[in-house]
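Trainee: I would like to go through the labels on this model one by one. Please give me the reasoning behind each.

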Amino acid sequence: MAKCDILLGLQWGDEGKGKVVDVLTPRYDAVARFQGGPNAGHTLEFDGIKVVLRSIPSGIFRNNLNIIGNGVVLDPLLFRTEAEELEKSGIDLPSKLRISRKAHLILPTHRLLDAAGEKAKGNAKIGTTGKGIGPTYTDKISRNGLRVGDIELDFEARYQAAKEKHLATLGLTDEQLSEEQRKLEADWLDAIRYLKKYTLIDSEYEINELLNRGETLLCEGAQGTMLDVDFGSYPFVTSSNTIAAGACTGLGLAPHRIGDVYGIFKAYCTRVGAGPFPTELFDETGELIGKLGHEFGAVTGRKRRCGWIDLVALKYAVMINGVTRLIMMKSDVLDTFETIKVCTKYKVDGELTDRFPFDAATRKIEPVYTELPGWKSDLTKVRSEEEFPENFRNYIAFIEKQLGVPVTIISVGPDREQTIELKK
């Protein structure tokens with residue numbers, strides 16, 4: 001019986017998952033997204049082309065079956081925009097993509113609820129992308145959601161009922177909606193009709209039957225472990241389970257079906273939006289990392305906060321996910337630094353700890369660093385591990401020893417070709 005592998009982020013998202021999925025997909029028969037929504041942008045670069053995928057799995061450029069799982073929340077309007085761009089490049093999307101009937105739909109009024117919720121929080125706002133993802137997951141949990149499979153049923157009645165509930169919550173009537181909001185709704189309903197050209201499936205059956213046939217599956221996560229709704233830096237988290245367990249609930253997989261868990265991390269740390277970030281740098285070094293790493297959101301364009309690598313948070317993420325293989329991204333960004341710092345412990349209220357605190361959002365956390373010499377070499381031209389500078393090898397070895405898991409893939413640039421598999 002075949003097992004599926006999981007690929008997910010170990011930090012606060014933006015680790016480079018899209019690129020790695022694209023690199024790994026030739027080894028798999030299918031790729032499936034298991035959670036998140038169009039707030040997650042997975043960037044792929046190859047053959048001089050740059051593409052940002054939001055809802056569609058990153059295996060779409062290979063000859064694989066691609067599945068949007070039940071754990072995903074889907075905005076039909078944003079999906080259509082993304083799909084039509086891909087179709088322009090010659091991809092026959094309907095033949096390669098399947099969508100779970102149990103995936104929940106993001107409605108136009110979910111965006112209004114998202115904006116109202118953030119406004120009500122004032123200075124305590126989370127920093128959402130405003131795409132209605134949180135309210136959609138709220139409706140799912142409160143059993144008021146609208147699902148993709150509903151478009152095959154009495155959709156109009158179900159949509160109107162959901163819309164009226166949202167308007168009542170907002171204290172609005174249909175007549176009070178602006179022209180812009182009415183146009184958004186009309187476009188959204190048109191996108192629902194577009195969605196009908198795709199094959200809708202009971203993905204839990206399809207995926208398990210695929211594995212029973214001995215075929216291989218890669219499960220693609222969005223965001224990062226430290227944004228998990230249960231185990232992340234709550235309340236500054238996303239609304240879904242971004243960890244390995246999310247693949248089980250987001251695709252209908254039993255735990256014994258899981259094989260390798262690929263954990264992706266940057267050679268440093270970034271975070272978008274509000275929330276705790278113990279190793280954040282507020283100096284010229286932080287600015288330089290952001291500049292060299294082009295640290296702006298693929299979907300939002302927002303500038304990312306930057307800092308040194310945090311092994312306390314990483315060790316926590318490795319444990320939660322049961323990571324078996326590590327993948328280090330953006331190693332080249334640190335090429336010019338004389339000294340590189342690695343956080344190995346926190347000082348919280350004067351006491352040292354190697355655990356990520358429950359109340360990280362309200363505690364003053366001081367990172368304790370180990371300093372390592374930089375490699376002062378251009379990694380972007382390196383194509384094999386034999387070419388690695390000694391100090392870079394030492395950096396990898398230090399991380400492996402601290403985390404207890406081997407680093408098996410190194411990325412030294414954005415292109416598909418700038419990916420090196422280590423002989424382990």
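**From values to labels**

Mentor: Start with one pair. Leu 326 has Val 407, in strand S19, as its bridge partner. Keep in mind that this is a predicted model.

Trainee: How many bridges join S15 to S19, and in which sense do they run?

Mentor: Three bridges join them, and the two strands run parallel. Two bridges are enough to call strands paired. S15 therefore pairs with S19 (residues 407–411).

Trainee: Which strand pairs with S15 over five bridges?

Mentor: Strand S11, residues 258–266, in the parallel sense. One of the pairs there is Lys 266 with Met 329 of S15.

Trainee: What makes S15 largely enclosed by the rest of the structure?

Mentor: Count its buried residues. Strand S15 spans residues 325–329, and four of its five residues are buried, so the rest of the structure largely encloses it. Buried means under 20% relative accessible area.

Trainee: In what order do the strands of the open sheet come?

Mentor: Ten strands, in the order S9-S7-S5-S2-S10-S1-S11-S15-S19-S20, with mixed pairing.

Trainee: Why are S9 and S20 called edge strands?

Mentor: Strand S9 (199–201) and strand S20 (419–421) each pair on one side only. From one strand to the next, the twist averages 25°. The S20 edge is joined to S19 by three bridges, and these two run antiparallel. Ile 409 has Glu 421 of S20 as its bridge partner.

Trainee: Now the helices. How do you know that the buried residues of H7 line one face?

Mentor: First, list them: Glu 185, Trp 188, Ala 191, Ile 192, Tyr 194 and Leu 195. Seen down the axis of H7, they fall within an arc of 165°, so they line one face of the helix. The face turned away from that buried side carries exposed Glu 179, Lys 183 and Arg 193.

Trainee: What span does H7 reach, and what is expected?

Mentor: Helix H7 (residues 179–195) has 17 residues. From first C-alpha to last it reaches 24 Å, close to the 24 Å expected at 1.5 Å a residue.

Trainee: Why is H2 called oblique to H7?

Mentor: Helix H2 (residues 76–88) packs against H7 at about 55°, with the axes 8 Å apart. Under 35 degrees would be roughly parallel, and roughly perpendicular runs from 65 to 115. The angle fits neither, so H2 is oblique to H7. Their crossing is left-handed.

Trainee: At what angle do H11 and H12 pack?

Mentor: At about 55°, with axes 10 Å apart; H11 covers residues 311–321 and H12 residues 390–403. That makes H11 oblique to H12. The crossing of H11 and H12 is right-handed.

Trainee: Two loop residues next. Why does Asp 14 count as partly exposed?

Mentor: Its relative accessibility is 27%. Buried needs under 20% and exposed over 50%, so Asp 14 counts as partly exposed. Asp 14 lies in the loop between strand S1 (4–9) and helix H1 (17–24). Its phi is near 60°, positive in a residue other than glycine.

Trainee: Does Gln 223 count as buried or exposed?

Mentor: Buried, because its relative accessibility is 8%. Gln 223 sits in the loop between S10 and H9, and its phi, near 55°, is positive.

Trainee: Which peptide bond is cis?

Mentor: The one joining Tyr 234 and Pro 235, with omega about 5°. Pro 235 is in the loop between strand S10 (217–220) and helix H9 (245–251). Most peptide bonds are trans.

How values were computed. Residues numbered from 1 in each chain as written. Predicted model: local features only at pLDDT ≥ 70, side-chain atom pairs only at ≥ 80, totals over all residues. Heavy atoms only, no water. Buried < 20%, exposed > 50% of the residue type's maximum accessible area, 1.4 Å probe, protein only. Expected span 1.5 Å × (residues − 1). Arc of directions from axis to C-beta. Axes fitted to C-alpha atoms, helices over the stretch in contact; angles between N-to-C directions. Parallel < 35°, antiparallel > 145°, perpendicular 65-115°, else oblique. Left-handed = near helix turned anticlockwise from the far one by under 90°.
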